[in-house]
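Got the viewer open and a hand on the mouse? Let's take a short walk through this one, selecting a few pieces as we go.

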Amino acid sequence: MDAVLFDMFGVVAMDQSPAVRATMAEYSGHGHDAFWTAYWAPRQDYDRGDLDGPAYWKAVGERLGEPFTSGQVEKFIALDLDSWSRVNEESVALVSELSEAGVRLGLLSNIPAELAERFEELHPHVLGLFPTLGLSCRIGRAKPELGAYRWCLERMGVPAGDVLFVDDNRANVEAARALGFHGHVFTSVPELRQLLGRG
């Protein structure tokens, strides 16, 4: 591939910390399933930047039938940021190799503004590997919306058929394939290395 467009969470960065997930659900005072259903329902709007952190957590509380206090909202924002803040060093090493080899790189991440700022503070070296940085909260589009992929293509300056899109979410990969991308559902770095011929 002449270019690779990466997803962030579940690929370059780790999925949510299981320990922090448990803490969040317990802190909410609601059952696990009820809390996470409410958590994900307005998440696309939060990722896209249509909601800020307080408005998002207000929407979560409303879905649970119990609005959160301002103190609870602050706590949830802090926990949420902590849950998503770890990078996958094995993936970062691969991305670094691709960058050094001259492969054109991009990142397309569904990420709210507060978390984008956290990553800029904690992991600037990781974000700096991607000349095209498609953060949903900044571009006003979130996967699997086709506009998110088109935004990246325009800035990468290559046709979709020359780009491999890597994401751990099959629905996001299928959306990219619909636009002509090559797609790979990420499961592990060794498998991706093999696909890229960098084993």
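Start by selecting Phe35, Ala38 and Tyr39 in helix α2, then add Tyr56, Trp57, Val60 and Arg63 in helix α4: these two groups meet each other. Colour them by class and you'll get six nonpolar residues, one charged residue and no polar ones. Keep in mind as you look around that this is a predicted model.

Now show the two whole helices, residues 32–40 for α2 and residues 53–63 for α4. How do they sit against each other? They pack at an angle of about 135 degrees, and their axes are 8 Å apart. That angle makes α2 oblique to α4, since angles over 145 would be needed to count as roughly antiparallel. The crossing of α2 past α4 is right-handed.

Next stop: the sheet. Switch to cartoon view and look for five strands in an open sheet, with parallel pairing. Moving across, you'll pass β3, β2, β1, β4 and β5, in that order. Which strands are at the edges? Select 132–135 for β3 and 182–185 for β5, each of which pairs on one side only. Ignoring direction, neighbouring strands here are turned by 20 degrees against each other on average.

Zoom in on β1 (residues 3–6) and β4 (residues 163–167), which run parallel and are joined by four bridges. Click Leu5, then find its bridge partner in β4, Phe165.

Last pick: residues 170–178, helix α11, which packs on the sheet and touches β4 and β5. Compare its direction with that of β5, and you'll find about 175 degrees between them.

Conventions. Residues numbered from 1 in each chain as written. Predicted model: local features only at pLDDT ≥ 70, side-chain atom pairs only at ≥ 80, totals over all residues. Heavy atoms only, no water. Axes fitted to C-alpha atoms, helices over the stretch in contact; angles between N-to-C directions. Parallel < 35°, antiparallel > 145°, perpendicular 65-115°, else oblique. Left-handed = near helix turned anticlockwise from the far one by under 90°. Contact = heavy atoms within 4.5 Å. Nonpolar A, V, L, I, M, F, W, Y, C, P; charged D, E, K, R; others polar. Pairing = 2+ DSSP bridges.
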